[in-house]
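Trainee: Got a minute? I'd like to go through this one with you.
Mentor: Sure, put it up and fire away.

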Amino acid sequence: MKALSIASDYVALIGAGEKKIECRTWQTAHRGELLICSNRDRIPGTIPGHALHIVRIVDVRPFKRADIELACMRPTDYANGLWAWLLEYVCPVMPIAVRGKPGLFEVPDDQIQRIDESKLTDQEIDALINNVFLPLTVA
């Protein structure tokens, strides 16, 4: 699956459903599923260096000032020539240690284990959070 490395704090916002636009200086012809990986920045409350979510790129178009909120950016981050990657959340994945690379890169499909939260009990979700995700979280 194609993958993209993003700042770990932005990856957390994607997982929380708050960040729906990824802002890039380049565009891509890729549409469809994309594995979201956090970079190695050790930001408290995040999980650095891991693939954590699958999103779907539904469109790529020039970035507009009106996109700032859905991109979780500051107004001062706006510049001409940026691209808005419109994302639709698909699902979390079991964390995979990934070394990010510039641009889009490949992660073998057989390493990706999707988590279907609709098929899990509250206790199973709590166990995943406590036993899998929290131990990887930077304090």
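Trainee: Is cysteine 37 buried or exposed?
Mentor: This is a predicted model, to be clear. Cysteine 37 has 1% relative accessibility, so it counts as buried.

Trainee: How far away is the nearest cysteine sulfur?
Mentor: That's the sulfur of cysteine 91, 13 Å away, and cysteine 37 is in no disulfide.

Trainee: And why no bond for cysteine 72?
Mentor: Because the closest cysteine sulfur, in cysteine 23, is 12 Å from that of cysteine 72, which is too far. Cysteine 72 is partly exposed, by the way, at 23% relative accessible area.

Trainee: How many disulfides does the count come to, then?
Mentor: It comes to 0.

Trainee: Switching to packing: which residues have the most contacts inside the largest nonpolar core?
Mentor: Leu34, Ile36 and Trp85, in a core of 16 residues. Among the elements giving two or more residues to this core are strand 1 (2-6), helix 1 (8-15) and strand 3 (32-38). Strand 4 gives the largest share, 4 residues.

Trainee: What about a second core?
Mentor: There's a separate one of 13 residues, and Cys37 is in it, along with Met1, Ala3 and Ala51.

Trainee: OK, pockets. How much space lies in the largest one?
Mentor: About 430 Å³. It's lined by 20 residues, and the closest to its centre are Ile47, His53, Pro92, Ile129 and Phe133.

Trainee: Which elements supply at least two residues of that lining?
Mentor: Helix 1, strand 4, strand 5 and helix 2.

Trainee: And how do the lining residues divide?
Mentor: Into 13 nonpolar, 6 polar and 1 charged.

Technical notes: Residues are numbered from 1 along each chain as its sequence is written. This is a predicted model: local features need pLDDT of at least 70, side-chain atom pairs count only at pLDDT 80 or more; totals for chains, interfaces and linings use all residues. Side-chain values use heavy atoms; hydrogens and water are left out. A nonpolar core is a set of buried Ala, Val, Leu, Ile, Met, Phe, Trp, Tyr and Cys residues joined through side-chain atoms within 4.5 Å. Buried means under 20% relative accessible area, exposed over 50%, partly exposed in between (1.4 Å probe, protein chains only). On a 1 Å grid over the protein atoms alone, a cavity is a set of points where a 1.4 Å probe fits but cannot get out, and a pocket is an open set with protein on both sides within 12 Å along at least five of seven lines; lining residues have an atom within 4 Å of a point. Grid points are joined across faces, edges and corners, and a volume is the space filled by probe spheres set on the points. Ala, Val, Leu, Ile, Met, Phe, Trp, Tyr, Cys and Pro count as nonpolar, Asp, Glu, Lys and Arg as charged, and the others, Gly among them, as polar. A disulfide is a pair of cysteine sulfur atoms within 2.5 Å.
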